[in-house]
Amino acid sequence: MKHEREERPLLAITLGDPAGIGPEVIVKALQHPEPWERCRPLVVGDSRILRRAMAWVGGPPLAVEAVASPQEGRYASGTLTVLDLGNADPAEIEPGVVQAAAGKAAVEYVFRACDLALAGAVDGVVTAPLNKEAMHLAGFRYPGHTELLAERTGAQRVSMLLVGPKLRVVHVSTHVSLQEAIRRVTPERVREVIGLAQQACQALGIQQPRIAVAGLNPHASEGGLFGDEEARAIEPAIAQARADGLNVSDPLPPDTVFLRAVQGEFDIVVAMYHDQGHIPMKLLAFDSGVNVSIGLPIIRTSVDHGTAFDIAGTGQAREESMLAALDVAVQMARARRLGAARHAPEQ
């Protein structure tokens, strides 16, 4: 295909909920010259919503180039190439308000971008935020992007990876209650996520990653004083991973393992539940964190923030996380391309 001969990866950027800050952060990110130097950005959305966002954001003007397929785009700096679905009339989409119409449009952007990636028409997908309530009002009962994409692609083993400038974290569980999260700490699931951590690092170009595993209990249970999950579920998974040749730590106290990773001792941390991994990442990289879905057959990165309805339409939203999400997607696309070249048969 044409885009495979181009050095810059072709990335589909979904607009997110058109009532949220997604359109604004996309416009702000693509006003910077750096993304254009590293990739060819294709916004999957509605040109009318993007033009409205430009008026709110100000800054360097961007021309809008509406296309019907990725191959039609010029991808020139200063020109916003948009695969225009025409499904979000600004007259009907009020910024900062939960609306079924906006939720429906947002899901349609993700479906189209996902299908393009599955077909090989784009190298990866970068998503702006959805609003779960709006999505549910529209009849889409997904907890979030990850579950939507897993169903759309038929993926069976998917996990959330958070990437920051100094820290990478993958989770055993995410959007469940703490009680349910504890139940999900099983040898099978922990081993699976250790494997996903290995896969995540390799997707980012780290071929022999050093994987840290956080304990579930304080002090990683301190030899059974504070619980038995480490001995019963986590240590057997680690033993199996080591037998398979992976470089994995013992269960480490959660209050220090992230610091050790930031200091360079580990390439990635396996966290046992949502807040255990998200709190250090949000503290260290609130504006520059990236969410990556690992286990999908496609590359998908995302901003690590929500729709921020309270500031939608004001032009105040920050674009750092979108810029970082584009960078990580480029990194993954190039690593995948190098891997494919490495395993290609000699002519």
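## Exercises on helix packing and burial

The crossing of H4 and H6 is right-handed. This crossing belongs to a predicted model, which the exercises below examine from the whole protein down to single residues.

**Exercise 1.** Determine how helices H4 and H6 are oriented to each other and which residues form their contact.

*Solution.* Step 1: H4 spans residues 100-118 and H6 spans residues 145-153; their axes are 11 Å apart and the packing angle is about 45°. Step 2: that angle makes H4 oblique to H6, since roughly parallel requires an angle under 35 degrees and roughly perpendicular one of 65 to 115. Step 3: on the H4 side, the contact consists of Val107, Val110, Phe111, Cys114, Asp115 and Leu118, which meet His145, Leu148, Leu149, Arg152 and Thr153 of H6. Step 4: sorted by class, the contact of H4 with H6 holds 7 nonpolar, 2 polar and 2 charged residues.

**Exercise 2.** Describe the overall dimensions of the protein and its secondary structure content.

*Solution.* Step 1: the protein contains 12 helices and 12 strands. Step 2: along the principal axes, its C-alpha atoms occupy a box of roughly 60 × 55 × 35 Å. Step 3: a compact globule of 347 residues would have a radius of gyration near 20 Å, and the value for the protein, 20 Å, agrees with this. Step 4: 55% of the 347 residues count as buried. Step 5: among contacts with a separation of 6 or more, 75% involve residues 24 or more positions apart.

**Exercise 3.** Establish the geometry of the H8–H9 pair and the make-up of its contact.

*Solution.* Step 1: the axes of H8 and H9 (residues 229-243) come within 8 Å and cross at roughly 45°. Step 2: this angle makes H8 oblique to H9. Step 3: the handedness of the H8 and H9 crossing is right-handed. Step 4: H8 contributes Pro187, Val190, Arg191 and Ile194, while H9 contributes Arg232, Ala233, Ile234, Pro236, Ala237, Ile238, Gln240 and Ala241. Step 5: by class, the contact of H8 with H9 divides into 9 nonpolar, 1 polar and 2 charged residues.

**Exercise 4.** Are Ile194 and Leu196 buried or exposed, and which residues does each touch?

*Solution.* Step 1: Ile194 lies in helix H8, and Leu196 is placed in H8, which covers residues 187-203. Step 2: Ile194 has 0% relative accessibility and therefore counts as buried; Leu196, at 0% relative accessibility, also counts as buried. Step 3: beyond residues up to four places away in sequence, Ile194 touches Ile211, Val213, Ala237, Ile238, Ala241, Leu246, Val248 and Val270. Step 4: with the same exclusion, Leu196 touches Arg157, Val158, Ser159, Arg189, Ile294 and Gly295. Step 5: the C-alpha atoms of Ile194 and Ala271 are separated by 9.9 Å, although the two residues are 77 residues apart along the chain. Step 6: for Leu196 and Arg157, 39 residues apart along the chain, the C-alpha separation is 8.4 Å.

**Exercise 5.** Assess the burial of helix H1 and of Thr79.

*Solution.* Step 1: H1 (residues 22-30) is mostly covered, with 9 of its 9 residues buried. Step 2: the buried residues in H1 include the charged Glu24 and Lys28. Step 3: Thr79 is found in strand E4, residues 79-84. Step 4: Thr79 counts as buried because its relative accessibility is 9%, against a cut-off of under 20%. Step 5: apart from neighbours within four places in sequence, Thr79 is in contact with Trp36, Ala63, Glu65 and Arg74.

Terms used
Residues numbered from 1 in each chain as written. Predicted model: local features only at pLDDT ≥ 70, side-chain atom pairs only at ≥ 80, totals over all residues. Heavy atoms only, no water. Axes fitted to C-alpha atoms, helices over the stretch in contact; angles between N-to-C directions. Helix = DSSP H or I, 4+ residues; strand = E, 2+ residues; numbered from the N terminus. Parallel < 35°, antiparallel > 145°, perpendicular 65-115°, else oblique. Left-handed = near helix turned anticlockwise from the far one by under 90°. Contact = heavy atoms within 4.5 Å. Rg over C-alpha atoms; globule rule 2.2 N^0.38 Å. Buried < 20%, exposed > 50% of the residue type's maximum accessible area, 1.4 Å probe, protein only.
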